[in-house]
Amino acid sequence: MNTATGYLDGLLQGQPPASALSWLNQLRANAVDRVAALTVPTTRDEDWRFTDISPLTKFSFQPAQEAQPLAPAAIEPWAIGEAAARLVFVDGIYAPQHSFNRSGIAVENLGAGFTSHAAAVQAQLGRLAAFERNAFAALNTAFLHDGALIVVPRELALAAPVHLLFIATRKHAASYPRCLIVAEPGSKLTLVEDYVALQDEAYFTNAVTEIALGANAQVQHVRVQRDGAEAFHIANCAVSLARSSRYHAVSVALGARISRHNLGVLLAAEGAECSIDGLALIGGRQLADTHTLIDHALPQCSSRQLHKCIVDGAAHAVFNGNIMVRAGAQRTDSAQSSRNLLLSGKARVDTKPQLEIFADDVKCAHGATVGQLDVDEVFYLKSRGLSETAARNLLTYAFGAEVIERIPVASLRQRLEASVLAQTEQRP
Amino acid sequence: MIYQDSKTLLAVRDLHASVNGTEILKGMELTVRSGEVHAIMGPNGSGKSTFAKVLAGHPAYVVTGGEVEFDGRSLFELAPEARARAGVFLGFQYPIEIPGVANSQFLRLAYNTVQAERGKDELDPLEFDDFVREKMKLLEMNPDFLGRSVNEGFSGGEKKRNEILQMALLEPKLAILDETDSGLDIDALRIVAGGVNQLSNKDNAIVLVTHYQRLLNYIAPDYVHVMEAGRIIKTGGKELALELEARGYDWVGAEAEANARASA
Ligand SMILES: Nc1ncnc2c1ncn2[C@@H]1O[C@H](COP(=O)(O)OP(=O)(O)OP(=O)(O)O)[C@@H](O)[C@H]1O
Ligand SMILES: [Mg+2]
């Protein structure tokens, strides 16, 4: 008996009704086929070696059929004052009454975008986030309905951020957030992808985000995962960069019982640049897994990556950072650093930088450290009167702040700094 | 300065301490009374910094014998942070860099912690900012150092000034300044020494660890001690520093040995 196969089939229940668009039905049907052929990964799969996702299969998750009505005040805590546009999704369902768009560009529900931006959507959707061998991306694609569509027109620079807010309210709900972002040549966008919860029971978020940058486009992508304590959060994000475009990502993972973030960045043309920074701050029994792939496919691209994990309690952080430099990708300039702070004897981190270099004229630096708080730093603070706890909290906070400081949205940055400080102070 | 009605702030009796199982302090004796300035000199590796860190409570050092009384209490019963709050201040020979912690945040936390202990008002960030800028003026420190991470990328001299700034904020009863003069240029030495002199009064005391008599031109010591192999082997007035500068340390050791033989 293959329970894993059976489990995915069970998840397929409650799919959206057939669309009038045949290409969409076809795409979903292809995805359903792949779901049927694939199984829930196990720790025997190289890619899931350190992350046992089997607790997911103990629950039966179903998609919500309608959005839970929420008072505006319920959204307020997560509001980003600077935002030019906001799309809110409640348990995966678009909530227009909480959304607004003052940006002057297309920021809309993907469900509407299927027809309003048919050409762009049809050309891009499912192109970057391949689901052939990825059961979770396939599942998400099988459920294609609501989601975020952003199209930034050529040469347009949107200074204010666009906020995509995904709120989990229902116990045992499955949601399949989907985002498609097209930054046309020469455009600029700041995007905040934000996962939050109003409850602490188990639920399942399975997100896919695709971002296509045209030549010279610039996208700053902030991703905040602050899901509920019992949540399962799986995300696949695929980004492609055209000539001389720039992609800067900051991902912060604070929530969920088990989270897995796959981020693939394809440097698909000369002169493209990316920076990918991440912070996981976890405790208790949490597991946070980040897998990244930076694919230097063409010459003269640069990539920077700083990934930090702060692990307390019996929590477990996983980082796998693959940097691929393909044959012919000369003058690649890449630097990766994985730094990890273990705050308890039972905390665990598995970090694996993975460089695959098939070109000879390249500059690739990488390093990984795992450590505890520095005794001399703690002592220095105590010698100035700070208590042991205050000293440790301050140092822990400082360790994480290096990543949070890179968030280009001031109000969100300040709020996250405060919540990281609060989270470090919760520890006894 | 030596005052008639002074009280004993620090009494160190037969102190022994080890690091990694090696005994470094071997019978340290020192009495410091309020109002006094003491200088401790001595060759590299004689245990001066070890002594300073033992007083501040660094966890790497294990006290294996003797006792230390500070302001009427047993020092070793207090955790390092409690010592700081009670008025012990160590100016580090090598101040620690703490990336990610803003100097202003650190200084305010330290200041407020000590203020609270003394039953005095804490300052909010704006009030503190005004207050600390005034103190920085005394030390001719650029306010830009508030926005930077604690000591990160500071030059040697800048770190030392930041130490004295902390001393100025915390107003300790006993300040142990471990080679605060090393790494200071001539102007900085004058400024830092001026700051220390301003902070010095009849209720507090200062222990200067130094290699150079030059500092003592600015901060006049009441006593000069020579430390060697974990003990104080000679104590004199400020003229001793001049003599050491001229003659080095060898003769002090020889004299101590001769004295020991004579008394045996
Ligand atoms: N953590 C440690 N581990 C091993 N040895 C140590 C440690 N700390 C100090 N020591 C040793 O203790 C001795 C005294 O060191 P200390 O730093 O106290 O000397 P010092 O008098 O301050 O010298 P300097 O004038 O060079 O600053 C030295 O031999 C030093 O190597
Ligand atoms: Mg020393």
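**Exercise 1.** Determine which residues form the patch of negative charge on the surface, and characterise B:Glu122.

*Solution.* B:Asp121, B:Glu122, B:Asp124, B:Glu127 and B:Asp130 gather in a surface patch of negative charge. A patch is made of residues with over 30% relative accessible area and no salt bridge, like charges being joined within 9 Å. B:Glu122 is found in the loop between helix H3 (103–117) and helix H4 (125–138) of chain B. Its relative accessibility is 47%, so B:Glu122 counts as partly exposed (buried means under 20% relative accessible area, exposed over 50%, partly exposed in between; 1.4 Å probe, protein chains only).

This is a predicted model, in which local features need pLDDT of at least 70 and side-chain atom pairs count only at pLDDT 80 or more, whereas totals for chains, interfaces and linings use all residues. Residues are numbered from 1 along each chain as its sequence is written, chains are lettered from A and ligands numbered from 1 in the order in which they are written, and side-chain values use heavy atoms, with hydrogens and water left out.

**Exercise 2.** Analyse the salt bridge between A:Asp91 and A:Arg170.

*Solution.* A salt bridge requires a side-chain nitrogen of Lys or Arg within 4 Å of a carboxyl oxygen of Asp or Glu. The side chains of A:Asp91 and A:Arg170 meet this rule at 3.5 Å, N to O. A:Asp91 lies in the loop between strands E2 (85–90) and E3 (93–94) of chain A, and A:Arg170 in the loop between strands E7 (162–168) and E8 (173–175), so the pair ties together parts 79 residues apart in sequence. A:Asp91 is buried at 7% relative accessible area, while A:Arg170 is partly exposed at 24%.

Terms used. Patches are made of residues with over 30% relative accessible area and no salt bridge: like charges are joined within 9 Å, nonpolar side chains (Val, Leu, Ile, Met, Phe, Trp, Tyr) within 5 Å. Accessible areas come from the Shrake-Rupley method with a 1.4 Å probe; for residues, only the protein chains shown count as cover. Lys and Arg count as positive and Asp and Glu as negative; His and the chain ends are not counted. The place of a charge is taken as NZ of Lys, CZ of Arg, CG of Asp or CD of Glu. Helices (H or I, at least four residues) and strands (E, at least two) are DSSP runs, numbered from the N terminus.
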